[in-house]
Amino acid sequence: MNQDYIETLPQIDELDEKILRLITRNARIPFLEVARECGVSGAAIHQRVQRLLNLGVVSGSEFIVNPSKLGYNTCAYMGVFLDKAKFHRTVVEELKKIPEIVECHYTTGQYAIFIKIQTKTNKHLKKIIDEGLQEIEGIARTETFISLEMEFKRQVPVN
């Protein structure tokens with residue numbers, strides 16, 4: 001098999017896994033608290049977290065904005081059909097210009113691209129579709145799914 005397509009996974013031990021479980025549950029947990037939970041020094045935790053960052057296992061930390069608290073009450077997912085596959089790159093560049101699009105995935109299946117969009121209202125969503133998406137050269141059509149409620153969201157399990 002061509003080695004270009006094989007990604008070697010970083011070596012993660014039980015301590016790394018325990019640290020990951022703690023920091024993914026609460027990104028603001030103090031390293032000293034993590035150290036107490038893990039039974040090691042704060043310096044060891046700092047070194048381990050830095051190693052996990054350097055390996056790309058985790059990336060930074062972030063505050064998660066609650067869209068509804070800012071008035072974004074409509075969450076929709078859209079499958080995007082392209083006129084031709086060659087339009088993929090240019091369509092994605094145009095999608096990046098629409099700030100309400102918060103995720104964009106290149107997919108297999110019937111859609112070439114699948115996006116998540118947060119808007120203030122259904123009328124706002126319609127405006128984005130009419131004045132934004134339908135104006136992008138290369139998009140043949142879209143199929144929209146409005147989310148009524150997010151049941152849960154989580155990180156991948158740390159084994």
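## A guided tour of the chain

Begin with the whole chain in view: a compact globule of 159 residues would have a radius of gyration near 15 Å, whereas this chain has 21 Å. Bear in mind from the start that the model is predicted. Turned along its principal axes, the C-alpha trace spans about 55 × 50 × 25 Å, and 31% of the 159 residues count as buried.

Next, colour the chain by secondary structure, which comes to five helices and four strands; read from the N terminus, the elements follow the order α-α-α-β-α-β-β-α-β. If you switch on the surface, about 11,900 Å² of it is accessible, with 51% belonging to carbon and sulfur atoms. Selecting the charged side chains brings up 21 positive and 21 negative ones, and the centres of these two sets lie 4 Å apart.

**First stop: the loop before α2**

Select isoleucine 29, which sits in the loop between α1 and α2. Is isoleucine 29 buried or exposed? Its relative accessibility is 10%, and because the cut-off for buried is under 20%, isoleucine 29 counts as buried. Apart from its neighbours within four places in sequence, isoleucine 29 is in contact with Leu22, Ile23 and Val34. For a sense of distance across the model, draw a line from the C-alpha atom of isoleucine 29 to that of glutamate 135, which is 106 residues away along the chain; the two atoms are separated by 45 Å.

**Second stop: helix α2**

Now select residues 31-38, helix α2, and pick out its buried residues, which are Val34, Ala35 and Cys38. These residues cover an arc of only 100° around the axis, and therefore they lie on the same side of α2. The spacing follows a general rule: an α-helix has 3.6 residues a turn, so residues three or four places apart point the same way. Show α1 (14-25) and α3 (42-55) as well, since the buried residues of α2 pack against both of these helices. Then rotate to the face turned away from the buried side, where you will find the exposed residues Leu32 and Arg36.

Within α2, stay for a moment on alanine 35, which counts as buried because its relative accessibility is 3%. Leaving out neighbours within four places in sequence, alanine 35 is in contact with Val40, Ser41, Gly42 and Ile45. The last of these contacts is worth a distance label: the C-alpha atoms of alanine 35 and isoleucine 45 are separated by 6.0 Å, although the two residues are ten apart along the chain. Before leaving this region, select glycine 39, just after α2, which takes a positive phi of about 75°.

**Third stop: helix α4 and the strands**

Move on to residues 88-95, helix α4, whose buried residues are His88, Val91, Val92 and Leu95. They too fall on the same side of their helix, because the arc they cover around the axis of α4 is only 100°. What covers these buried residues of α4 includes β1 (74-82), β2 (101-106), β3 and β4 (139-147).

Finish in strand β3 (residues 113-119) by selecting glutamine 118. With a relative accessibility of 11%, glutamine 118 counts as buried. Which residues does glutamine 118 contact, leaving aside its neighbours within four places in sequence? They are Pro67, Tyr72, Thr74, Cys75, Glu100 and Val102. For the chain as a whole, among contacts with a separation of 6 or more, residues 24 or more positions apart account for 67%.

Note on methods. Residues are numbered from 1 along each chain as its sequence is written. This is a predicted model: local features need pLDDT of at least 70, side-chain atom pairs count only at pLDDT 80 or more; totals for chains, interfaces and linings use all residues. Side-chain values use heavy atoms; hydrogens and water are left out. Buried means under 20% relative accessible area, exposed over 50%, partly exposed in between (1.4 Å probe, protein chains only). Helices (H or I, at least four residues) and strands (E, at least two) are DSSP runs, numbered from the N terminus. The arc is that of the directions from the helix axis to the C-beta atoms. Contact means heavy atoms within 4.5 Å. The radius of gyration is taken over C-alpha atoms; the globule rule is 2.2 Å times the number of residues to the power 0.38. Accessible areas come from the Shrake-Rupley method with a 1.4 Å probe; for residues, only the protein chains shown count as cover. Lys and Arg count as positive and Asp and Glu as negative; His and the chain ends are not counted. The place of a charge is taken as NZ of Lys, CZ of Arg, CG of Asp or CD of Glu.
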